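Visitor: Mind walking me through this one? Let's put the sequence and coordinates up first.

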Amino acid sequence: MKKYFFPAALFSMALLLAGGLNAQIDQMAKDCQAEMESPFITSNQTLKAFLTGEEVAEFRTTLFDGNIYRVVLCTPEAQAVEFSLYDTNRNLLYTSADHSFSPSWDFKMEGSMECIIEARLNNEVSESGVAMLLIGFKHSDQN
């Protein structure tokens, strides 16, 4: 019986830690969704990545002409992750690093295009972390 105690204890601890992490991620998702206020519409698809060191998470999306978009990046720690928006030729269109690591950005599309959104750690703030990205839109005729 003793030989089963240690593996069972490790398994139980892992479940407890995973439950705590899931609760933290669920709360972060709620906080992130709160940043996506009406009249912005989102698919409620939360893009998530766990980053360590120099890792980069890449998300691809198509943005359509005439819409106003809001990109929101949420992390447990303020300014822990920066995000950048590129066209498919890797021309930089925006980076939060140039805007005090702002967690959101609103912009109007002039033409439709496929874009790449990258998230990477701000290594001055954190060595690892979770990044959660939401993309919402509204038509340009809405306030």
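Visitor: How do the residues lining the second largest pocket divide into nonpolar, polar and charged?

Guide: This is a predicted model, where local features need pLDDT of at least 70, side-chain atom pairs count only at pLDDT 80 or more, and totals for chains, interfaces and linings use all residues. Residues are numbered from 1 along each chain as its sequence is written, and side-chain values use heavy atoms, leaving out hydrogens and water. On a 1 Å grid over the protein atoms alone, a pocket is an open set of points where a 1.4 Å probe fits, with protein on both sides within 12 Å along at least five of seven lines, and lining residues have an atom within 4 Å of a point. Ala, Val, Leu, Ile, Met, Phe, Trp, Tyr, Cys and Pro count as nonpolar, Asp, Glu, Lys and Arg as charged, the others, Gly among them, as polar, and the split here is 8 nonpolar, 2 polar and 2 charged.

Visitor: Which strand gives the most to that lining?

Guide: The lining includes Val72, Leu73 and Cys74. Strands are DSSP runs (E, at least two residues) and helices are H or I runs of at least four, numbered from the N terminus. With 3 residues, the top contributor to the second largest pocket is strand 4.

Visitor: Which cysteine forms a disulfide with Cys74?

Guide: A disulfide here is a pair of cysteine sulfur atoms within 2.5 Å. The sulfur of Cys74 sits 2.3 Å from that of its partner, Cys32.

Visitor: What is the handedness of that disulfide?

Guide: Look at the torsion about the S-S bond of Cys32 and Cys74, about 95 degrees. That value is why the disulfide is right-handed.
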